[in-house]
Amino acid sequence: MPDSLSHKLIAAHLVSGKMTPGGEIALKMDQALLQDVLGTLVMLELDAMGIERVHTSPSVQYIDHTLIQQDNFNADAHLFLKSACERLGIWYSGPGNGISHPVHMERFGKPGDSLVGCDSHTTSAGALGMLAIGAGGIEVAMAMAGEPLFLAMPKVIGVRLTGELPDWVSAKDVVLELLRRYGVSGAKNCILEYYGPGLAALDAMDRHVLANMGTEMGATTSVFPSDDTTLEFMRARGRESEWQPLAADPGCQYDQDEHIDLYKLEPLIALPSSPDKVVLVSDVAGEPIYQAYIGSSGNPGYSDFAVVADIVRGRTISPNVSLDINPSTRQVLSALIDEGHMATLIKAGARLHQPGCNGCIGMGQAPATGRNSLRTVPRNFPGRSGTLEDSVFLCSPETAAASALYGVITDPRTLERAHHRPKEPKNMKPDEHMFFPPLALEKARRIKLLATDNTPPLAVLKPLPDSICAPILLKLGDNISTDDIMPAGARVLPIWSNIDASAKHTFETVDPGYATRARTQGEAGHIIVAGDNYGQGSSRENAALVPRALGLQVVIAKSIARIHWQNLPCFGVLPLTLDNPKDLDLLQQGDVIRIDHLRDQLAAGTCITATINEHQTITLTHELSARQQAIFSSGGVINWLSRRTGS
């Protein structure tokens, strides 16, 4: 039968399992991507595993989050990461090169390869016809150690694009339209595969926008064909020899079909504080703004910045607005300077920041309290900007630029000038000397890790007892994100690799008393209860590891986001869902949950029987494979791997 491109890519990397939606499959991963704040934990995990040399190639460590050096923490972490790269055979991309996802596309992206990354937006590389999947750092470490990546076989949603984008509508509006249809969890355990004549309207970095933000719908990844557009992108970077054509077979069938007529789209905007609260820009036009932020992995292409320069050329922005320009890569910044766009932006009143993630992750450019910030970033979860009481909207560069001119949310179609979206230059070759390649093995063996007080060895986690009797220490609602569990921003992000130091910040935005109660409860353990889509958003594994270190034993929810669900058993936490979602009303903070003969119940099937306060019985469900049960019962991946290898 004709195959989708997704099925072809999976089949080419399949190690074990059957390609039946929902069943566990194992995939060989060719490449690995590490960003700095989570890469630090990966390096510590590889060290704990006793790994001498990584197997994925290339494996690349990027410095893109920890760019604010307000003290020694971030600079020390950079040296630690560089030493770990030298020791383990990993490429190192230092501060200033830019955001991992677009830089990886520029320098290492290769159609047909598989890529695993410790960042949920690793999916961006699907824009080049890669099988690119975000995962928790511990699973990335496993893949780098030569193990396959395990996940549930996704369904494939075929997204057929037709028509052409009208003036003032761009790729961000396309993905916001999908978010309006699917919400933040509607594509869970699915691949979004794009095809159709409308693809001609999207260049490689436009496709990056869609592949990047498929994650916001819960998608496992997004896939685009490798075509002439892909070839043009790679040729501009001097890498056309690594290109190959890839496409779905004509007449292939998808598990689900979706269609977008690009010509019918209008400028869209996501309201605070969720990426799926999407409305027409015209519906909220006139609302005052404080900030317009251009950049991030959500809009990283040359054209995303050049179009802003074209809009503000010969004009000045509203005196009440901060127009923040955050170039995505060193190469994009260099091209914008060479083409005169950066001078135009500066003359119009824009503020220039260094290439990196910056304000997207709350590392600088935090808005004033309660003031509206229009951003081209992929997420607007509460407090993610670095301001607790923030008001962040997601929109296209066109909408952000038009709004910056007038000081209020503005539909770009009302601008009194012709629409023009400049194309990137023919030569976008990265500066090779800014990347540090892996050392030869003999040199690598002589390298010592430059560990610091902020990169202590990981503590050994004990397996949970076979009978659990623990209180519900925290009850939460729907769509709790990993930002809610473990905050980012300039206060907390630099200490993510220090589990004990970061623990006090756990859940601080939703319940500041959680960490204190957890420490008081201690080794007796506790349980967290939540609604739908618990753990959405970032792949940050410390959102599982730190609560486990504080005594978390079980998470009970209506549903759990894919990556977080995978992270929990990797650190010895049991993820369970309610067999009857209405039973959530029975569970209250302070109630004691008892689960007896846990391992026998896990092995017997998917149902787990538990009691509330020793008198009321409820049925819970687990989806752990036999492999995951073994990992959970060992107290986590590192214990499991050590026992398996005898190390």
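Colleague: Is Tyr195 buried, partly exposed or exposed, and at what relative accessibility?

Modeller: This is a predicted model, in which local features need pLDDT of at least 70, side-chain atom pairs count only at pLDDT 80 or more, and totals for chains, interfaces and linings use all residues. Residues are numbered from 1 along each chain as its sequence is written, and side-chain values use heavy atoms, without hydrogens and water. Buried means under 20% relative accessible area, exposed over 50%, and partly exposed in between (1.4 Å probe, protein chains only). Tyr195 therefore counts as partly exposed, at 26%.

Colleague: How many aromatic pairs does a search of the whole structure find?

Modeller: Rings of Phe, Tyr and Trp (its six-membered ring) pair if their centres lie within 6.5 Å; planes under 30 degrees apart count as stacked, over 60 as edge-to-face and the rest as tilted. By this rule, the number of aromatic pairs in the whole structure is six.

Colleague: Why is the pair of Trp91 and Phe108 classed as it is?

Modeller: The ring centres of Trp91 and Phe108 are 5.2 Å apart. Their planes stand at 65°, so the pair is edge-to-face.

Colleague: Which residue forms one aromatic cluster with Trp91 and Phe108?

Modeller: Trp91 is buried, with a relative accessible area of 18%, and Phe108 is buried at 6%. The residue that joins these two in one aromatic cluster is Phe435.

Colleague: What percentage of the 647 residues of the protein chain count as buried?

Modeller: Tyr254 is one buried residue, with a relative accessible area of 11%. For the protein chain of 647 residues, the buried share is 64%.
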